[in-house]
Amino acid sequence: MSRFLRTGAISIRTIYHKIEEDVDFRKNTSGVDTYISELAWRDFYNMIYHYYPDANSKEMVEKYRGIPWNNDDELLEKWKQGQTGFPLIDAAMRQLNEIGWMHNRLRMAVASFLTKDLLMDWREGEQYFSERLVDYDPASNIGGWQWAASTGTDPVPYFRVFNPTRQSERFDPHGRFIKEWLPELENVKKKHIHQPANMTKEEQKEAGCIIGEDYPAPIVDHKTRRERAIELFKDKT
């Protein structure tokens with residue numbers, strides 16, 4: 001419903017009252033509760049943007065301004081085009097490029113990857129999302145990107161770094177989403193779908209997916225970049 005909320009075609013109150021009418025709260029409603037909380041987060045970020053009107057260009061937490069972000073146009077382009085070698089990240093970015101939308105979990109994962117794995121300025125990602133998202137909302141987008149970069153609301157756990165492989169294993173265990181958007185991995189077996197670069201030469205040939213040709217090898221080492229990202233923020237605390 002995000003694109004309709006963005007354009008004002010429907011209101012949060014309308015959605016909330018519809019939920020109240022139709023949902024039997026005597027049953028397990030954890031998914032519904034999460035949905036309602038996301039509506040509340042939307043209003044929260046609108047409130048935050050009111051009090052931090054320059055958040056589109058400045059970190060909300062002043063001590064994190066001036067972080068020496070990595071400037072690498074080649075890496076940025078690989079992130080944009082879904083060519084990072086991390087299947088979940090690549091599938092999410094290709095979905096964004098194709099239909100202008102992605103799930104909130106994926107937005108957090110790709111934002112964490114850009115800011116913590118590639119060590120790149122969150123403004124680059126926010127700008128790209130503003131160009132691609134059909135439901136683009138400045139307050140929500142800026143707030144979400146600053147949260148992922150640990151420069152905005154809830155900045156204390158700067159050591160929160162999404163592991164792209166763990167996220168993939170947890171939220172797309174069978175690789176169905178990955179294979180939908182990365183056809184070159186269609187014949188990769190489940191045990192390798194989250195890390196296709198771990199396939200042997202023989203397995204690559206069997207899957208019809210040669211790493212470095214049909215699909216890229218990981219462009220960074222997650223463990224190394226995670227440690228570096230934490231160091232960047234420690235230097236500012």
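For this tour, Ala, Val, Leu, Ile, Met, Phe, Trp, Tyr, Cys and Pro count as nonpolar, Asp, Glu, Lys and Arg as charged, and the others, Gly among them, as polar. Keep in mind that you're looking at a predicted model.

**Stop one: the largest pocket.** Select S2, E38, H103, N104 and R107, which are the closest to the pocket's centre among its 33 lining residues. The space here comes to about 1200 Å³. Now colour the lining by residue class: you should get 18 nonpolar, seven polar and eight charged. Next, show α1 (2-7), α3, α6 (104-117) and α8, since each of these gives at least two residues to the lining. Which of them gives the largest share? That's α3, with seven residues.

**Stop two: the second largest pocket.** Jump to F86, T165, H194, Q195 and P218, the residues nearest the centre of this one. Its volume is about 150 Å³, and 13 residues line it. Colour by class again and you'll find five nonpolar, seven polar and one charged.

**Stop three: the largest cavity.** Select Y45, I48, Y49, M60, P138, A139, I142 and G143 to see its lining. Two elements, α3 (30-51) and α8 (138-148), give two or more residues each, and α8 has the largest share with four. By class, the lining splits into seven nonpolar, one polar and no charged residues. The enclosed volume is about 30 Å³. How many cavities of 30 Å³ or more are there to visit? The count comes to one, so the tour ends here.

Terms used:
Residues are numbered from 1 along each chain as its sequence is written. This is a predicted model: local features need pLDDT of at least 70, side-chain atom pairs count only at pLDDT 80 or more; totals for chains, interfaces and linings use all residues. Side-chain values use heavy atoms; hydrogens and water are left out. On a 1 Å grid over the protein atoms alone, a cavity is a set of points where a 1.4 Å probe fits but cannot get out, and a pocket is an open set with protein on both sides within 12 Å along at least five of seven lines; lining residues have an atom within 4 Å of a point. Grid points are joined across faces, edges and corners, and a volume is the space filled by probe spheres set on the points.
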